[in-house]
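Work through the exercises below with the sequence and the structure side by side, and try each task before you read its solution.

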Amino acid sequence: MELRIRNLSKTYANGVVALDRVTLSILPGMFGLLGPNGAGKSTLMRILATLQECDAGSVFLDDIDVLDEQDEVRRLLGYLPQDFGVYPKVTAYELLDHFAQLKGLAQRGRRREVVDGLLQQTNLFEVRHQKLGGFSGGMRQRFGIAQALLGDPRLIIVDEPTAGLDPQERVRFHNLLSDIGDDRTVILSTHIVSDVADLCASMAIINKGHVLLCGEPARLIEGIEGRIWTRFVTKQELPDFQQRHTVISTRLLSGRTRIHVFAERDPGEGFEPIHPTLDDVYFATIAGRHNALAGNC
Ligand SMILES: Nc1ncnc2c1ncn2[C@@H]1O[C@H](COP(=O)(O)OP(=O)(O)OP(=O)(O)O)[C@@H](O)[C@H]1O
């Protein structure tokens, strides 16, 4: 299903503008919503999940008015919130079975089939009789996906799902998300660039409530080819380079500081050109240096 968000705005009672005329079109497949903490991602996800009201704008899922026809949307929606809590003293099977009942799966045999199927799909079948309190972060997140998939939703929203996962769990979780994104619309909100680079066919970067950039990751990377330059600097040299160049990122590499700068032409001073990555797209955009390619959001 296609999700069309138009001029969506939200200001909290304390005056914080969390979303400012956000406009995005999201097609089936995996869509990455990338932005730093506080960018407005969770606010947007909660509004799309019908859990929070906006001040202005419209959202349509095909021809369903998301802001108005909430029951209809909830039937089609799976949501994994950022702060997904579980009851520590019940088992994975028991809690999923409980959620399935809440979703309206009344018939016991059918419910068992669905619950077993989801536990298998999320690789939790072997541990289904263990208490959720003993689950690792990765297992909990996979359980979160299992509950989000109840009712076979067409739109799935996952909010910062990989934060805190170890590398192995992250890969496992990525594989799971990639499977479910095959035939559904999945929105992945994250501040981790590699989540989007690994998984998403299309993406947007959001900061301070504004959509700064959107498009296909590969195209966006092509768009800054030839404009990212790198060199090592000492810690003492760094402030001077930051003053004279548009330094978009600094990273320690084997104890030395490697900087990336955004520049239309060779900045000299020993800088070398490099092939950009999605990290460079992200940091250049957040630094306010790269919004010429906003594309058709
Ligand atoms: N209930 C609230 N009342 C007031 N301000 C809020 C509320 N919820 C969020 N904010 C503020 O709105 C802005 C956007 O927050 P939001 O949680 O949507 O961002 P985010 O991109 O999801 O960041 P994070 O990853 O830290 O959750 C932030 O400045 C935040 O402090």
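**Exercise 1. Describe how S12 and S13 are joined, and then place them in their sheet.**

Step 1. Strands S12 and S13 pair in the antiparallel sense, over 6 bridges; here a strand is a DSSP run of E with at least two residues, a helix is a run of H or I with at least four, both are numbered from the N terminus, and two strands pair if DSSP finds at least two bridges between them.

Step 2. This is a predicted model, in which local features need pLDDT of at least 70 and side-chain atom pairs count only at pLDDT 80 or more, while totals for chains, interfaces and linings use all residues. Residues are numbered from 1 along each chain as its sequence is written.

Step 3. The two strands form a hairpin with 2 residues between them, and Ser 254 in the turn has a positive phi of about 50°. One bridge to locate is that of Val 247, whose partner in S13 is Val 261.

Step 4. Val 261 also stands opposite Trp 229, and strand S11 (residues 228-233) pairs with strand S13 (residues 256-262) in the antiparallel sense over 6 bridges.

Step 5. The open sheet has 4 strands in the order S12-S13-S11-S14, with antiparallel pairing. Because strand S12 (247-253) and strand S14 (272-273) each have a single partner strand, they stand at the edges, and one side of each is left without a neighbour in the sheet.

Step 6. Helix H10 (residues 278-286) lies across S11, S12 and S13 and runs at about 130° to S12; axes are lines fitted to C-alpha atoms, for helices over the stretch in contact, and angles run from 0 to 180 degrees between N-to-C directions.

**Exercise 2. Which residues of helix H3 are buried, and what covers them?**

Step 1. In helix H3 (residues 92-102), the buried residues are Ala 92, Leu 96 and Ala 100. A residue is buried if 20 or more other C-beta atoms, placed from the backbone, lie within 10 Å of its own, exposed if 12 or fewer, and partly exposed in between.

Step 2. These residues lie on the same side of H3, because they cover an arc of only 65° around the axis, the arc being that of the directions from the helix axis to the C-beta atoms.

Step 3. Their cover includes helix H4 (108-121) and helix H5 (137-148), where contact requires C-beta atoms, placed from the backbone, within 7 Å.

**Exercise 3. Is Met 45 buried or exposed, and which residues does Met 45 touch?**

Step 1. Met 45 has its place in helix H1, and Met 45 counts as buried because there are 23 C-beta neighbours inside 10 Å.

Step 2. Leaving out residues up to four places away in sequence, Met 45 touches Ile 157, Asp 159 and Ser 189. Met 45 and Leu 188 are 143 residues apart in sequence, yet 9.3 Å apart in space, C-alpha to C-alpha.

**Exercise 4. Compare the settings of Asn 7 and Glu 269.**

Step 1. Most residues other than glycine have a negative phi. Asn 7, however, has a positive phi of about 50°, and phi of Glu 269 is near 55°, also a positive value.

Step 2. Asn 7 is found in strand S1 (residues 3-11), whereas Glu 269 lies in the loop between S13 and S14.

Step 3. Asn 7 is partly exposed, with 13 other C-beta atoms within 10 Å, while Glu 269 counts as exposed, with 12 C-beta neighbours inside 10 Å.

Note on methods. Two residues are in contact if their C-beta atoms, placed from the backbone, lie within 7 Å.
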